[in-house]
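Q: Please take a close look at one part of this model, and follow it outward into the parts that surround it. A formal account with the criteria stated would be most useful.

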Amino acid sequence: MSGTRRRVTILGAAATSVVAGAALLPTWSAGAAVSDDPTVDARTRATFQRLADAVFTDRTNALVDGGRTGADQPLTDGFSGDVALSPGTARTEDAALSALAQRREKLAKAGETYGKASTTVTLNATRVTGRTAKAEVTETTTLTYAGARGDAPKTTGFQARHELTFKADRQGDWRLTGIRDTGQGGLAVNALSKPAPVKATTAGNTTPNAPRAAITRNPAAAPKTGTTYDYKAMAAYAEKHWNAYNKDYPDFSGRGAGGDCTNFVSQSLKAGGWKHVPGYVYDYTRWFGNADIQSHSFIGVNEWSWFAQNSKRTTPLANVYQLEVGDVLQVDFDRDGSKDHTMIVTYKSGGVPYVTYHSNNTLRRSVASLVASYPNAYYYAFRT
């Protein structure tokens, strides 16, 4: 089914699930005012989940070439009564779908289209305080590239975490009033929020910044000739752990603005042969990381860049499309001189590198998609 997926009725199944702290929902007569603070039972939690699923499926479908087939209205339009969008959220989502449709057009101009999509949402927890409920969910989306040929990747996928806010009216009906990314927002393909900035944590840095990389297509060739490291092993590690975190390392997702992106890339580089340089954790000329301790250069976006340049383990590339498997791409979204995100190339086809990263967990996102989504960002490409 192009642009859609089979909707599974989950009310019955979800009714048996347990979410910590949830109580039984009182019985209210239609139209009656409710004086007590409402609570949320399993059936209502399941409806929260279904509405969240509809919201993020609508967003993903807006990126699919041709839109949704067989349906003229967004899936969220099917919700009314006990649980539905608030009027303000409905307007916000209409604007979001319009913005994503424009992104779809930009992607198509860059040579990238999606033929179909699949989105599922898992409800992780629900907290109720007075007449407000907070639902924490994980979105998992797979987009299928349209017309993928030869050895080009067939799909790209990502996971993203969100917090949905519901408020109960006097009749006890719940309205979705807010959606907040709780991962490193803005990095999912269907995200609208701006990625959170990352600021350097090491004082007194004197290492020159790497030169910015151009984002024009078809640059001069820059073949990778080094044999010091195992680049296939780097890519294999990243694609194995893109959404299944290695328990031998800490998970920094959700901890501050930086998230787990550089920690994940460092692990991948280590899997391909990068050796530890022990020392003081704040010294950007050192690089090491394990379950117990990590240097700032192992987990910090800017600190990694400083180490990579100082150690001569990397050289800058003039253009993002020159990146090859095992190379690293960093982005400064707000162009303030402090880099915000780190990714590793795990595939290349047709002159297009595909990056894999954490926070949000993403597999094989094309550089073309990044450039189309963030055309005004500064990009830094590193040959490893």
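A: The account starts with helix H3 and then turns to its surroundings, the loops and the enclosed spaces.

The model is predicted, so local features are reported only at pLDDT of at least 70 and side-chain atom pairs only at pLDDT 80 or more, whereas totals for chains, interfaces and linings use all residues. Residues are numbered from 1 along each chain as its sequence is written, and side-chain values rest on heavy atoms, with hydrogens and water left out.

The chain holds eight helices and 11 strands; these are DSSP runs numbered from the N terminus, helices being H or I of at least four residues and strands E of at least two. Of its 384 residues, 51% are buried, where buried means under 20% relative accessible area, exposed over 50% and partly exposed in between, with a 1.4 Å probe and protein chains only. Among contacts with a separation of 6 or more, 68% join residues 24 or more positions apart; a contact requires heavy atoms within 4.5 Å.

Helix H3 covers residues 87-109. Its 23 residues should span 33 Å at 1.5 Å a residue, and the end C-alpha atoms are 34 Å apart, which agrees; the expected span is 1.5 Å times one less than the number of residues. The buried residues of H3 are Thr89, Glu93, Ala96, Leu97, Leu100, Arg103 and Leu107. An α-helix has 3.6 residues a turn, so residues three or four places apart point the same way. The buried residues of H3 pack against H2, S1, strand S2 (114-129), S5 and helix H8 (367-373). Just after H3, Gly111 takes a positive phi of about 90°.

One of these partners, H2 (residues 42-61), has 20 residues, for which a span of 28 Å is expected; its end C-alpha atoms lie 28 Å apart, in agreement. Because 18 of its 20 residues are buried, H2 is largely enclosed by the rest of the structure.

Two other partners, S1 and S5, are joined to each other. S1 (residues 83-85) pairs with S5 (residues 174-181) in the parallel sense over three bridges, pairing being assigned if DSSP finds at least two bridges between two strands. Ala84 stands opposite Arg175 in S5. S5 also pairs with S4 (residues 155-168), here in the antiparallel sense and over seven bridges, with Leu176 of S5 as the bridge partner of Phe166. S4 and S5 form a hairpin with five residues between them, and Gly172 in this turn has a positive phi of about 85°.

Gly111 also belongs to the lining of the second largest pocket, which has 18 lining residues; Gly111, Glu112, Ala152, Val352 and Tyr354 lie nearest its centre. On a 1 Å grid over the protein atoms alone, a pocket is an open set of points with protein on both sides within 12 Å along at least five of seven lines, a cavity is a set where a 1.4 Å probe fits but cannot get out, and lining residues have an atom within 4 Å of a point. This pocket holds about 330 Å³; points are joined across faces, edges and corners, and the volume is the space filled by probe spheres set on them. Its lining comprises nine nonpolar, six polar and three charged residues, with Ala, Val, Leu, Ile, Met, Phe, Trp, Tyr, Cys and Pro counted as nonpolar, Asp, Glu, Lys and Arg as charged, and the others, Gly among them, as polar.

Val352 leads to strand S9 (352-357), which a loop connects to strand S10 (361-366); Asn360 lies in that loop. A cis peptide bond joins Ser359 and Asn360, with omega about -5°. Ser359, in the same loop, has a positive phi near 60° and counts as buried because its relative accessibility is 4%. Most residues other than glycine have a negative phi, and most peptide bonds are trans. Asn218, in the loop between S5 and helix H4 (231-241), likewise has a positive phi, near 55°, but is exposed, with a relative accessible area of 73%.

Two cavities of 30 Å³ or more are counted. The second largest holds about 40 Å³, and its lining includes His358 and Tyr245.
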